[in-house]
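Me: Could you take a close look at one spot in this model for me, and then show me how the rest of the fold is held around it? I'd enjoy one connected walk-through.

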Amino acid sequence: MSTALHFYTRADCHLCDDARVVVGSVLADRDDVTFHEIDIDAPDTPADLRARYDWDVPVVVLDGRQHSVHRVDAGRLRSALDRLAAR
C-alpha cells in the first residue's frame, strides 16, 4: 500500500525550497510513497486549501494527517513513513 504525501508550497518561499530538498532526499530511495506537490497560490487550488495553509507553508501531510509545518526534519519524516509502511 502506498502512502500519500501532499506537500503544500508556493513560489518564492525559501522555507519551501529548503523543505523540498529534505522531502526529495527522504523520498529518493522509496517507492512506497505517492508524492503530490500543491502550489497553494495556483489558480486551480481550492480556496479552502489556500485559506488553511496560507501562512503555514511549507506543509507536509501524510495520508491526510498533518506532519510538518514550516520546516521538515528528515529523520522524523523517514520514521513516520516507515511506520505507515509497516501497517
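Reply: Happily! Let's begin with Asp32, whose side chain makes a polar contact with the side chain of Arg30 at 3.0 Å (a polar contact is a pair of N or O atoms within 3.5 Å; within protein, one must be able to donate a hydrogen and the other to accept it, and residues adjacent in sequence count only if both atoms are side-chain atoms). One caution before going further: this is a predicted model, in which local features need pLDDT of at least 70 and side-chain atom pairs count only at pLDDT 80 or more, while totals for chains, interfaces and linings use all residues. Residues are numbered from 1 along each chain as its sequence is written, and side-chain values use heavy atoms, with hydrogens and water left out.

Asp32 sits in the loop between H1 and E2 (helices, H or I with at least four residues, and strands, E with at least two, are DSSP runs numbered from the N terminus). With a relative accessibility of 19%, Asp32 counts as buried (buried means under 20% relative accessible area, exposed over 50%, partly exposed in between, with a 1.4 Å probe and protein chains only). Beyond its neighbours within four places in sequence, Asp32 is in contact with Met1, Ser2, Thr3 and Ala85, where contact means heavy atoms within 4.5 Å.

Arg30 and Asp32 also form a salt bridge, their closest N and O atoms being 3.0 Å apart (a side-chain nitrogen of Lys or Arg within 4 Å of a carboxyl oxygen of Asp or Glu). Arg30 is buried, as is Asp32.

A search of the whole structure finds 8 salt bridges. Among them is Arg20 with Glu37, at 2.7 Å between the closest N and O atoms. This pair links distant parts of the chain, with Arg20 in helix H1 (residues 14-27) and Glu37 in strand E2 (residues 33-39), 17 residues apart. Arg20 is partly exposed at 31%, and Glu37 is partly exposed at 37%.

Another salt bridge joins Asp63 and Arg87 (2.2 Å, N to O). Asp63 lies in the loop between strand E3 (59-62) and strand E4 (65-69) and Arg87 in the segment after helix H3 (74-86), so this pair ties together parts 24 residues apart in sequence. Asp63 is partly exposed at 31%, whereas Arg87 is exposed at 57%. Salt bridges with shared partners also join Arg10, Asp41 and Asp54 into one network.

Now for the sheet. Four strands form an open sheet in the order E2-E1-E3-E4, with mixed pairing (two strands pair if DSSP finds at least two bridges between them). E2 and E4 are the edge strands, each pairing on one side only. E3 and E4 run antiparallel and are joined by 4 bridges, and Val60 stands opposite Ser68 in E4. H1 packs on the sheet, touching E1, E2 and E3, and its direction makes about 165° with that of E1 (axes are lines fitted to C-alpha atoms, for helices over the stretch in contact, and angles run from 0 to 180 degrees between N-to-C directions). H3 packs on the sheet too, touching E1, E2, E3 and E4, at about 15° to the direction of E3.

Finally, the aromatic rings: the structure holds 2 aromatic pairs (rings of Phe, Tyr and Trp, its six-membered ring, pair if their centres lie within 6.5 Å; planes under 30 degrees apart count as stacked, over 60 as edge-to-face and the rest as tilted). One of them is Tyr8 and Tyr53, stacked at 4.4 Å centre to centre with 25° between the planes. Tyr8 belongs to strand E1 (residues 3-9) and Tyr53 to helix H2 (residues 47-53), so the pair ties together parts 45 residues apart in sequence. Both Tyr8 and Tyr53 are buried.
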